[in-house]
Amino acid sequence: MDIHIFNTLTRQKEAFKPLKAGEMSMYQCGPTVYDTPHIGNYRTFVMDDVVRRVFEYNAYRVTQVMNATDVDDKTIKRSKQEGVTLQALTRKYEQMFLEELESLNILLPHHFIRATDYIQAMIDLVSALLEKGAAYAAEDGIYLSISKVKDYGALAHLNIKDPSKERVANDEYDKEDPRDFAVWKFRSAEDGDVSWDAPFGAGRPGWHIECSAMAMSVLGTTLDIHTGGTDLIFPHHTNEIAQSEAATGKQFVRYWIHGGFMNVSDEKMAKSKGNFIKLGDMIEESVSPLAYRYWLLTSHYRSQVNFTYEAVRSAQNALIRLMKEIGRYPAGGAVISAYKERFNAYINDDLNTPQAIALVWELLKDAAQSDADKKATLLDFDAVFGLKLASVPPFEEEPVPPEVQALADAREEARKAKDWTQADALRKEIEERGFELNDTPDGVKIRGRF
Ligand SMILES: [Zn+2]
């Protein structure tokens, strides 16, 4: 079964064709380790994880690379503010990031690499760009000349007829204003001792060149998949393509996958608005990271989502119900092939996790399937969901207290006497005590409610 994914480059859903049969290589822009990511960043990291899991579910051998940006404008600025070395700052946040990945059950990428460990690859790439005449030296650094790049801006669908001759030293700038950008920044007072020797002048890499160099160092000149948030399409990914392709003359990435934006209570997340939510904030509000993950799966990765505590709490309740059902089911069943086929079709259709989650609830309600088979099937699905369903402990039924049993017996009597009003009233009373009645072929069962 082909995997179809929406490719930002062509703005179309395409059948994935790997470079090497049975293999998939992917690169994702990792965190800038000067702070902990907000939940919008983690939406993208969960998406990356699901991409990997979907390919592995389809028996691909995946090589996943994620970087940590441990040298750039932001990290240098923050280390100076905090009065610590760049390394002390970035290692601290890198460690926190890894712990948060684990809490979200995001699989550790096969290669989790630091920009500062790939400086030589960046220097080599800048040298290649200079040799090819695609980059030039200016007063404060080496710049990529966007007029020398074929189809500059194609990913962002920019239509540039007359490329600007202006330059931009900062790593972040506006889509309306594409310019030549810095691939190498010469040593400056601002950067302090953050500097490496290079044949074209001591200094440090620009942010964009870092990802190109790291991705190609590990995965080769052409990658199957590159992912990131929509906000990275311009300038970051646009510039990654420009530098890489100008240096190698080959296509850099075959499929670009971008995750949608996240609002918080219908507003854009921004520091100035004070609505930046971190995983730690959510935990303080008694929402588990796995519940957040479940909530993310209920929306398509490309759709814009609106985070509210109400929404994520209701997702948490659903996840708890799912876990309790699984905890009750016995082991030893078999995966139900009709469900597996449908599940596979959904996830292979541009990662349609909302449909896959809906299928879970359909399966739970399906009286024709045995509990053991349901469990085996759900655990199989969880290879993609990553909700740790296999580690749900067996759920112990709460013993039914004698007074609840007495109410249930009284209800049976009322039913036999066709006194439906009384039977309903008794059922309600049982529910108020935290139990529910299930009419099964073997008679009425009483169990704890959740
Ligand atoms: Zn990147």
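Pro 235 is found in helix H6. In this predicted model, a cis peptide bond joins Phe 234 to Pro 235, with omega at about -5 degrees. Helix H6 spans residues 233–248 and is one of the elements that give two or more residues to the lining of the largest pocket.

Two further backbone features concern phi. Most residues other than glycine have a negative phi, and most peptide bonds are trans. His 157 has a positive phi, near 55 degrees, and is placed in the loop between strand E7 (141–144) and strand E8 (167–168). With a relative accessible area of 45%, His 157 is partly exposed. Lys 418 also has a positive phi, near 60 degrees. The loop that holds Lys 418 runs between helix H13 (402–416) and helix H14 (420–432). Lys 418 has a relative accessible area of 60%, over the 50% cut-off, and so is exposed.

**Domains and the largest pocket**

The protein chain is divided into domain 1 (18–259), domain 2 (264–391) and domain 3 (402–448). Between the C-alpha centres of domain 1 and domain 3 the distance is 63 Å.

The largest pocket has a volume of about 1400 Å³. It is lined by 42 residues, of which His 38, Asn 41, Lys 74, Glu 172 and Asp 231 are the closest to its centre. Besides helix H6, the elements that give two or more residues to this lining are helix H1 (39–57), helix H2 (73–82), strand E11 (223–229) and strand E13 (262–264). Because domain 1 and domain 2 both give residues to the lining, the largest pocket lies between them.

**The cavity**

How many cavities of 30 Å³ or more does a search of the whole structure find? The search finds 1. The space in the largest cavity is about 140 Å³. Among the residues that line it are Arg 43, Val 46, Met 47 and Val 50, together with Gly 259, Gly 260, Leu 296 and Leu 297. Ser 299, Tyr 301, Leu 351 and Thr 353 also line the largest cavity. H1 and helix H8 (289–297) each supply at least two lining residues, and the largest share, 4 residues, comes from H1. Domain 1 and domain 2 both give residues to the lining of the largest cavity, so this cavity lies between them.

The table sets out the two linings by residue class.

| Lining | Nonpolar | Polar | Charged |
|---|---|---|---|
| Largest pocket | 15 residues | 16 residues | 11 residues |
| Largest cavity | 7 residues | 4 residues | 1 residue |

**Nonpolar cores**

The largest nonpolar core has 69 residues, and Ile 225, Tyr 292 and Phe 307 touch the most other members. Helix H1 gives the most to this core, with 10 residues. At least three residues of the core come from each of domain 1 and domain 2.

Leaving out residues up to four places away in sequence, Phe 307 touches Ile 39, Met 262, Asn 263, Val 264, Ser 265, Ile 277, Met 282, Tyr 292, Trp 295 and Val 312. A second, separate core has 52 residues, including Tyr 27, Met 214, Leu 219 and Leu 232.

**Two individual residues**

Is Met 1 buried or exposed? Met 1 counts as exposed, at 62% relative accessibility. Met 1 lies in the segment before strand E1 (4–7). Residues up to four places away in sequence aside, Met 1 touches Asn 58, Glu 341, Asn 344, Ala 345 and Asn 348. Met 1 and Leu 297 are 296 residues apart along the chain, and their C-alpha atoms are separated by 22 Å. Leu 297 is one of the residues that line the largest cavity.

Asp 380 lies in helix H12 (residues 371–385). Its relative accessibility is 19%, under the 20% cut-off, and so Asp 380 counts as buried. Apart from neighbours within four places in sequence, Asp 380 is in contact with Tyr 57, Val 335 and Lys 340. The C-alpha atoms of Asp 380 and Lys 20 are separated by 26 Å, with their positions 360 residues apart along the chain.

Key: Residues numbered from 1 in each chain as written. Predicted model: local features only at pLDDT ≥ 70, side-chain atom pairs only at ≥ 80, totals over all residues. Heavy atoms only, no water. 1 Å grid on protein atoms, 1.4 Å probe; cavity = no way out; pocket = protein on both sides within 12 Å on 5 of 7 lines; lining within 4 Å. Points joined across faces, edges and corners; volume = space filled by probe spheres on them. Nonpolar A, V, L, I, M, F, W, Y, C, P; charged D, E, K, R; others polar. Domains from an automatic or database assignment. Core = buried A, V, L, I, M, F, W, Y, C linked by side-chain atoms within 4.5 Å. Buried < 20%, exposed > 50% of the residue type's maximum accessible area, 1.4 Å probe, protein only. Contact = heavy atoms within 4.5 Å.
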